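Let's take a walk through this model together, starting with how its helices pack and ending with the spaces between them. Keep the 3D view open as you read.

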Amino acid sequence: MKMTYPTQWKTNMTTGESVAAELRLKIIHGDIKAADCLTENQVAKQFNVSRSPVRDAFKLLKQDQLIRLERMGADVLAFGESERREIYDLRIMMESFAFLKIKQEERTTLAKEMRKHLEMMKVAVQFEDAEAFTEHDIKFHEVLISATQHRYLQSSWNNLKPILICLILLSMRKRMSEAPSDFERIHHNHEIYAQAVEQNDTSLLRDAFHLNFDDVGDNIAGLFFG
């Protein structure tokens, strides 16, 4: 089944960003395959836009390392299990660094904010809304990133976020249709994460990372700072 990017997420995007979002999701999902050639004319016709926003979209996808720019077009690069693991490696490093930067007096408030998003994730599951689940899952983890007020960490997170959103959305759409019972485990894992933040417990955080990322992380213990 081919995947489309949620329309409501494109409301405040430029035309180039919107085209990039659709292409990014299709590349990560595998609808557009490695070594496929995308031409400006082809993509412009497909999305009924001029070539200028297509060029903007190609620049964004190049930044994501999903394509290699060529004359008048682009070659699609591989995005498979290895690349997926690299993305999650970076995510774990960023979140573990953020965890260590949080001030003790902020932890209770931050854990409360995380649990608000966790409750919205649970509601999203009840309504089989993978898009809402993805939004609140990202926001759950962003609570720590934003709280650090670390400009370059936030910039790095924002650069990674478009791919993360696609990975989470695709995973949640699949789980909701094929394994809805898995969400009880997912909710439990996020609660462990919130407890780790609240209690400033690095052991609990390691547990949360293992529970969440063992299927995609090569060496969580080695990636964790602390």
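In this predicted model, the contact between H4 and H7 is a good place to begin. From H4 come Arg-84, Ile-87, Tyr-88, Leu-90, Arg-91, Met-94, Glu-95, Phe-97 and Ala-98, and they touch Leu-153, Ser-156, Trp-157, Leu-160, Ile-163, Leu-164, Leu-167 and Ile-168 of H7. Sorted by class, the residues of this contact are 13 nonpolar, one polar and three charged. Two packed helices are described by the angle between their axes and the distance between the axes. For H4 and H7, the angle is about 135° and the axes lie 10 Å apart. Angles over 145 degrees would count as roughly antiparallel, so H4 is classed as oblique to H7. The crossing of this pair is left-handed.

Now turn H7 in your viewer to find its contact with H1. Here Arg-24, Leu-25, Ile-28 and His-29 of H1 meet a set of H7 residues made up of Pro-162, Ile-163, Cys-166, Leu-167, Leu-169, Leu-170 and Arg-173. By class, this contact holds eight nonpolar residues, one polar and two charged. Ile-163 and Leu-167 of H7 may look familiar: they are among the residues that meet H1, and they also belong to the contact with H4. The axes of H1 and H7 come within 10 Å and cross at roughly 60°, which makes H1 oblique to H7. Their crossing is right-handed, whereas that of H4 and H7 is left-handed.

How do H6 and H8 lie relative to each other? Their axes cross at roughly 20° and come within 11 Å. Angles under 35 degrees count as roughly parallel, and H6 and H8 are therefore roughly parallel to each other. H6 passes H8 in a left-handed crossing. On the H6 side, the contact uses Phe-133, Asp-137, Phe-140, His-141 and Leu-144, while H8 brings Phe-183, Ile-186, His-187, His-190, Tyr-193, Ala-194 and Val-197. Eight of these residues are nonpolar, three are polar and one is charged.

With the helices in place, let's look at the pockets. The largest pocket holds about 710 Å³ of space. Its lining has 37 residues, and those nearest its centre are Arg-84, Tyr-88, Leu-167, Ser-171 and Arg-175. Arg-84, Tyr-88 and Leu-167 have already appeared, in the contact of H4 with H7. Which helix gives the most to this lining? That is H7, with nine residues. At least two residues each come from H1 (15-29), H4 (81-101), H6 (130-147), H7 (151-178), H8 (182-199) and H9 (202-213). The lining of this pocket is made up of 17 nonpolar, ten polar and ten charged residues.

The second largest pocket contains about 470 Å³ of space. Of its 20 lining residues, Tyr-5, Trp-9, Met-13, Lys-161 and Ile-165 are closest to the centre. H1, H6 and H7 are the elements that give two or more residues to this lining. Here the largest share comes from H6, with five residues, while in the largest pocket H7 gives the most. By class, the lining of the second largest pocket has nine nonpolar, five polar and six charged residues.

Conventions. Residues numbered from 1 in each chain as written. Predicted model: local features only at pLDDT ≥ 70, side-chain atom pairs only at ≥ 80, totals over all residues. Heavy atoms only, no water. 1 Å grid on protein atoms, 1.4 Å probe; cavity = no way out; pocket = protein on both sides within 12 Å on 5 of 7 lines; lining within 4 Å. Points joined across faces, edges and corners; volume = space filled by probe spheres on them. Helix = DSSP H or I, 4+ residues; strand = E, 2+ residues; numbered from the N terminus. Nonpolar A, V, L, I, M, F, W, Y, C, P; charged D, E, K, R; others polar. Axes fitted to C-alpha atoms, helices over the stretch in contact; angles between N-to-C directions. Parallel < 35°, antiparallel > 145°, perpendicular 65-115°, else oblique. Left-handed = near helix turned anticlockwise from the far one by under 90°. Contact = heavy atoms within 4.5 Å.
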